[in-house]
Amino acid sequence: MSRLVVVSNRVADPRKAAAGGLAVALGDALAASGGLWFGSSGKVVERADGGAPGEAKLHVQRAGEVTLATLDLAREDHDAYYRGYSNGVLWPVFHYRLDLADFDAGYIEGYRRVNRMFAHKLMPMLQPDDVIWIHDYHLIPLAVELRAMGCQQRIGFYLHIPLPPPLILAAIPAHEWLMRSLFAYDLVGLQSQADMNHLRRYLVTEAKAEQVAPNVFAAFNRQLRADAFPIGIDVDDLLAMVDGKEAQETMATMREQYPGQQLLIGVDRLDYSKGLPQRIRAFRKLLERHPESHGKATLIQVAAPSREEVDAYGDIRRELEGLCGAINGDFGDLDWMPIRYIHRTVARKRVPGLLRAARVGLVTPLRDGMNLVAKEYVATQDPADPGVLVLSRFAGAAEQLTDALLVNPYDTQATADAIQQALNMPLAERRMRHERLLAEVRAHDIHWWRQRFLDALMEIDA
Ligand code: ADQ
């Protein structure tokens, strides 16, 4: 059995309770092969403390069967590679927000420098029959750097965020370089068929690649295989959490605090891709059009602080606070607040309780790679009396969760109507939709995703 080497921007100890589903799922595969997880530690070293660009201290530790190798990045590297290029250029552009991209030329140098440094530090740790799986937009050129150093092992890449249409990608000043670097991989995985279509069109029209099979492209003397591998959740782990103490306490608190209420829930990172202002406006429209919902429907919106050092994130936070405050001021009463807005990360074990307690789950991003909260909402519902998922058609999850109420989040009126439909949906229809959604979420869970990607990577002649 080959050893699995996972590389991602951040490394998490898979054994820690705070680790997300992805860390746990990859942790299983890493443990089974005695694998290595390589990435940054999240610690940033200031220049005054010896942090120099392109240099980083490597820490290696064991976590059970897994080796964790982490780098502490220097301040300049973190600012250019992570805050600048990854989150100031690639994140907005890949989410179709050219207006928010900051194409400062200095960032790309830092991005290349850190990818090169990752390769230099990783290369001596590799064994000849390792299988390497690199994750996400922070590390697109990493395989090029590894190949330049003589790395012959199989290398797969998975993009967790969407891939936009060719003309949007082409706005990135170095898009040819960036996309060409995908050819250093043996396999590229994307979230959805829509993303796959965009990649195909880019490779054929912009990179002049030859499509030699439905998912195989030839260019630059290499062949690239690419496919959609929609990511899933760990359903059993989530169900165990629903029965756990924290989630049960959370549900009891909700019942106590909101007796007789129909709850709507939104749980997101505070990010402009998640469509939060649009969601709040749709809820306002619902209150305007349906006075019968006053005193009965309450929206609980949890928005976890995220990337606060990037300007666009401060703007969205202020906008959201203004919108929620105005609704509570205009519609609220002494005994009813229409929106409970919480700018905080809720403990992971409490989230399933929040989702279960809500009659309506609102997952309405403007663009999202997958959006796992949509799947979490489905999995946490009581099959005998399930809630209704209102899902943006622009979430990757919409390709699979077709029995949700699919909405265009830019259409405030139509979204408000869908929320109203969800609030009034008869039990029989809720059950029927939920049964189909749950079957889909279970069939394509996180274990299926991991296995399918790794099988596809192993099938390729290296
Ligand atoms: P994210 O953009 O982070 O992920 P998502 O897929 O929805 O988005 O996952 C968020 C996770 O964090 C969920 O497990 C959710 O429960 C949790 N979470 C969100 N807000 C929280 C809060 N306030 N408190 C506590 N927990 C919270 C990126 C891509 C997605 C893609 C995933 C996985 O942007 O499109 O689905 O990677 O590939």
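Let's start with a word you'll need throughout: a residue is buried if its relative accessible area is under 20%, exposed if that area is over 50%, and partly exposed in between (1.4 Å probe, protein chains only). With that in hand, both Phe38 and Phe118 are buried.

Some housekeeping comes next. The model is predicted, so local features need pLDDT of at least 70 and side-chain atom pairs count only at pLDDT 80 or more, while totals for chains, interfaces and linings use all residues. Residues are numbered from 1 along each chain as its sequence is written, and side-chain values use heavy atoms, with hydrogens and water left out.

## Rings that meet

A pair of aromatic rings is described by the distance of the centres and the angle of the planes. Here, rings of Phe, Tyr and Trp (its six-membered ring) pair if their centres lie within 6.5 Å; planes under 30 degrees apart count as stacked, over 60 as edge-to-face and the rest as tilted. The structure holds 15 aromatic pairs.

Take Phe38 and Phe118. Why is this pair edge-to-face? Their planes stand at 80 degrees, with the ring centres 5.6 Å apart, so the pair gets that label. The two come from distant parts of the chain, 80 residues apart: Phe38 sits in strand β2 (residues 36-45) and Phe118 in helix α3 (residues 105-122). Helices (H or I, at least four residues) and strands (E, at least two) are DSSP runs, numbered from the N terminus.

Another edge-to-face pair is Phe183 with Phe220, at 5.2 Å centre to centre and 80 degrees between the planes. This pair also links distant parts of the chain, 37 residues apart: Phe183 belongs to the loop between α6 (175-180) and β7 (187-190), and Phe220 to the loop between β9 (216-219) and β10 (222-228). Phe183 is buried at 3% relative accessible area, whereas Phe220 is partly exposed at 35%.

Back to Phe38 and Phe118: ring pairs join them with Tyr81, Tyr85, Tyr111 and Trp177 into a cluster.

## Around the ligand

A residue is near a molecule if one of its heavy atoms lies within 4 Å of it. How many residues surround the ligand? There are 21, and the closest are His160, Asp368, Met370, Leu372 and Glu376. By class, this shell has 10 nonpolar, 5 polar and 6 charged residues. (Ala, Val, Leu, Ile, Met, Phe, Trp, Tyr, Cys and Pro count as nonpolar, Asp, Glu, Lys and Arg as charged, and the others, Gly among them, as polar.)

Where does the shell come from? Strands β11 (262-269) and β12 (297-304) and helix α13 (372-380) each supply at least two of its residues. At the domain level, domain 1 (4-232 + 446-458) and domain 2 (235-443) each give at least three; those bounds come from an automatic or database domain assignment.

Now for polar contacts. A polar contact is a pair of N or O atoms within 3.5 Å; within protein, one must be able to donate a hydrogen and the other to accept it, and residues adjacent in sequence count only if both atoms are side-chain atoms. Here are some that involve the ligand:

| Ligand atom | Protein partner | Distance |
|---|---|---|
| oxygen | His160, side-chain N or O atom | 2.7 Å |
| oxygen | Gly369, polar backbone atom | 3.0 Å |
| nitrogen | Ala304, polar backbone atom | 3.4 Å |

Taken alone, the ligand exposes 720 Å², and the protein buries 81% of that. Such accessible areas come from the Shrake-Rupley method with a 1.4 Å probe; for residues, only the protein chains shown count as cover.

## A buried aspartate

Asp186 lies in the loop between α6 and β7. With a relative accessible area of 10%, Asp186 is buried. What does its side chain touch? A polar atom of the Asp186 side chain lies 2.8 Å from the backbone nitrogen of Ile155, and the Asp186 side chain makes a polar contact of 3.3 Å with the side chain of Arg222.

## Two positive phi angles

Most residues other than glycine have a negative phi, and most peptide bonds are trans. Lys208 has a positive phi near 55 degrees. Its place is the loop between α7 (193-206) and β8 (210-213), and Lys208 is exposed at 65% relative accessibility. Arg307 also has a positive phi, near 40 degrees. Is Arg307 buried or exposed? Arg307, in the loop between β12 and α11 (311-331), counts as buried because its relative accessibility is 15%.
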